[in-house]
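Take a look at the model below. Start with the chain as a whole, then follow the strands one pairing at a time.

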Amino acid sequence: MIVSGDKLICIIGNPFFEEGSIYTVGYVVTKDLFEIKIGLDEYWYAKKCNERICVHFNSNETAINDAWFQQVK
């Protein structure tokens with residue numbers, strides 16, 4: 001289960017998340033939806049999908065791949 005303060009490593013990056021970088025979980029909304037801190041006061045929502053963690057990008061204007069993470073144990 002994800003809790004605030006957990007560390008995530010980006011395993012598949014995109015222009016917003018660098019592969020190999022470590023990110024910190026912020027506020028946990030539900031067991032499957034939570035924030036990833038990317039700046040001083042900046043967060044993106046992530047979700048747990050089939051034992052994987054992703055930040056989904058749904059844009060009709062540009063094609064941006066989802067970013068994928070795994071929890072650092």
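What follows moves from overall dimensions to strand pairing, and then to single residues.

This is a predicted model. The protein chain holds 0 helices and 6 strands. Read along the sequence, the pattern is β-β-β-β-β-β.

Now the dimensions. Along its principal axes, the C-alpha trace spans about 35 × 25 × 20 Å. The radius of gyration is 11 Å. A compact globule with 73 residues would have a value near 11 Å, so the chain agrees with that expectation. Of the 73 residues, 32% count as buried. The chain exposes about 5000 Å². Carbon and sulfur atoms supply 49% of that area. Contacts tell another part of the story. Among those with a separation of 6 or more, 36% are between residues 24 or more positions apart.

Next, the strand pairing. Which strands does S1 pair with? One partner is S2. Strand S1 covers residues 7-12 and strand S2 covers residues 22-30. The two run antiparallel and are joined by 3 bridges. Within this pairing, Ile-9 of S1 stands opposite Ile-22 in S2.

The other partner is S6, at residues 67-71. S1 and S6 also pair in the antiparallel sense, here over 4 bridges. Two positions help to locate this pairing. Cys-10 stands opposite Phe-69 in S6. Ile-12 has Trp-68 as its bridge partner in S6.

S6 has a pairing with S5 as well. Strand S5 spans residues 52-55, and 3 bridges join it to S6. These strands run antiparallel too. Val-55 stands opposite Ala-67 in S6.

Back to S1 for a single residue. Ile-11 lies in this strand. Is Ile-11 buried, exposed or partly exposed? Its relative accessible area is 31%. Buried means under 20% and exposed means over 50%, so a value in between is partly exposed. Ile-11 therefore counts as partly exposed. Leaving out residues up to four places away in sequence, Ile-11 touches Glu-19, Arg-52, Trp-68, Phe-69 and Gln-70. Of these contacts, Trp-68 and Phe-69 have already appeared as partners in S6, opposite Ile-12 and Cys-10. Glu-35 gives a contrasting distance. Ile-11 and Glu-35 are 24 residues apart in sequence and 17 Å apart in space, C-alpha to C-alpha.

Step into the loop between S1 and S2. Ser-21 has its place there. Which residues does Ser-21 contact, beyond its neighbours within four places in sequence? They are Leu-8, Ile-9 and Cys-10. Ser-21 and Ile-9 are 12 residues apart in sequence, and their C-alpha atoms are 5.7 Å apart. Ile-9 is also the residue that stands opposite Ile-22 in S2.

Finish at the surface. Tyr-27 is found in strand S2. Its relative accessibility is 53%, so Tyr-27 counts as exposed. In a regular strand, side chains alternate between the two faces of the sheet. Tyr-27 belongs to a nonpolar surface patch, together with Val-29, Leu-33 and Tyr-45. The four residues of this patch have about 400 Å² of accessible area together.

Technical notes. Residues numbered from 1 in each chain as written. Predicted model: local features only at pLDDT ≥ 70, side-chain atom pairs only at ≥ 80, totals over all residues. Heavy atoms only, no water. Pairing = 2+ DSSP bridges. Patch = residues over 30% accessible without salt bridge, like charges linked within 9 Å, V, L, I, M, F, W, Y side chains within 5 Å. Areas by Shrake-Rupley, 256 points an atom, 1.4 Å probe, with all protein chains shown as cover. Salt bridge = Lys/Arg side-chain N within 4 Å of Asp/Glu carboxyl O. Buried < 20%, exposed > 50% of the residue type's maximum accessible area, 1.4 Å probe, protein only. Rg over C-alpha atoms; globule rule 2.2 N^0.38 Å. Contact = heavy atoms within 4.5 Å.
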